[in-house]
Amino acid sequence: MAQVDFSRREITIKLVYYGPALSGKTTNLQKLHARLVDAHRSRLLTLDTANDRTLFFDLLPISFVAQGGPKVVIKLFTVPGQVMHNNTRRLVLRSADGVAFIADSQLSETRANNEAYAHLRENLRDNGLDPDAMPVVIQFNKRDLQKELIRDEAELAEIAQRGRESIVTASAIEGVGVLETFFTLAALTWDSLEKSTGIGSRHQISKADFLSELGRRLQAPELARQASQGRSGLMALPPEGRNSMGIPGVADGAVTVPGRVGEKAAGMADGAGGAVPGRVDEKATGMAGGAGEKAAGMADGAATGVAVAVPTGDPVSGAAGEGPCET
């Protein structure tokens, strides 16, 4: 749950961008960082390997002081996509309040998406968090690739009918769908925290004010307003409850299709968004080996929750009754 520091009058909310390697997690944070108003642009910390894959994590804090209330800090983390770093991924997920799952739209990456989603649920349980109660938004990224390379929009719409998570289609490298993903997740996470802890009523912060402040920081007031109302053609917030198959998925009609941004087969690796202020060389930090896991422990303490069994379907493939690695 959100961390509250009463002595400093500060609330910290942790959102994690999770997904397979090279799906665009870092690119999402880079685009959000670029949208921040200069006066409020904090440092984006990125630790990469030599081939530009995230080795440990990215961290982007966004903060504001609520009117008459405490300071609110939203910490955005990414996790390394490679399976070899699963211990680090688990550690970064500790105390997460919401998750954006960044899936790769390429047909060739279906198995990698499914495996990463299965690992996400397993790692949440290992951290004492209920994967069925965790606010999750699924972003299908790389929609600007050639049509024959990616899952078509009709298939994503069909997936959207089967479950309760929100889906956002995106081309993160072009900035398309990035803000929609963030505001959808922020709204869902606030609703979850209000339900479980009464965060807004206890600290006299309304959901509308929370999202409005984020909208000002990210220069997207209209998206923030739409998210606070739970409506718009660009996003849709899922209803309570699970679908008839009992598996997580996407709310009816919650698929977002902002439109294609071109037919170029761009390579959208994490970190492909160009130079990032505050980029840190991994050698300079001395964070080799297991040191990264300790650093990723910026996750502010372990949360508690309910462990549940992993259901046999999965929203990334949209297939009920299949194992997480089925294509």
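**View 1. G198, just past the end of helix 5, has a positive phi.** In this predicted model, the phi of G198 comes out at about 65°. The helix that ends just ahead of G198 is helix 5, which covers residues 178–197.

**View 2. Helix 5 is mostly covered and has the span you'd expect.** Of the 20 residues in helix 5, 15 are buried. Its end C-alpha atoms sit 28 Å apart, and that agrees with the 28 Å that 20 residues should span at 1.5 Å a residue.

**View 3. Helix 7 packs against helix 8.** Here we're looking at residues 207–217 (helix 7) and residues 221–229 (helix 8), with axes 8 Å apart and an angle of about 160° between them. Because the cut-off for that label is over 145 degrees, helix 7 counts as roughly antiparallel to helix 8. Their crossing is right-handed. On the helix 7 side, the contact is made by K207, A208, L211, S212 and G215; helix 8 brings P221, A224, A227 and S228. Sort the residues of this contact by type and you get five nonpolar, three polar and one charged.

**View 4. L211 of helix 7 is buried.** The relative accessible area of L211 is 0%, so it counts as buried. Setting aside neighbours within four places in sequence, L211 is in contact with F183, A186, A187, A224, A227 and S228. Of these, A224, A227 and S228 also turn up on the helix 8 side of the contact in View 3. R225 is 14 residues from L211 along the chain, yet their C-alpha atoms are separated by 7.2 Å.

Terms used:
Residues numbered from 1 in each chain as written. Predicted model: local features only at pLDDT ≥ 70, side-chain atom pairs only at ≥ 80, totals over all residues. Heavy atoms only, no water. Axes fitted to C-alpha atoms, helices over the stretch in contact; angles between N-to-C directions. Helix = DSSP H or I, 4+ residues; strand = E, 2+ residues; numbered from the N terminus. Parallel < 35°, antiparallel > 145°, perpendicular 65-115°, else oblique. Left-handed = near helix turned anticlockwise from the far one by under 90°. Contact = heavy atoms within 4.5 Å. Nonpolar A, V, L, I, M, F, W, Y, C, P; charged D, E, K, R; others polar. Expected span 1.5 Å × (residues − 1). Buried < 20%, exposed > 50% of the residue type's maximum accessible area, 1.4 Å probe, protein only.
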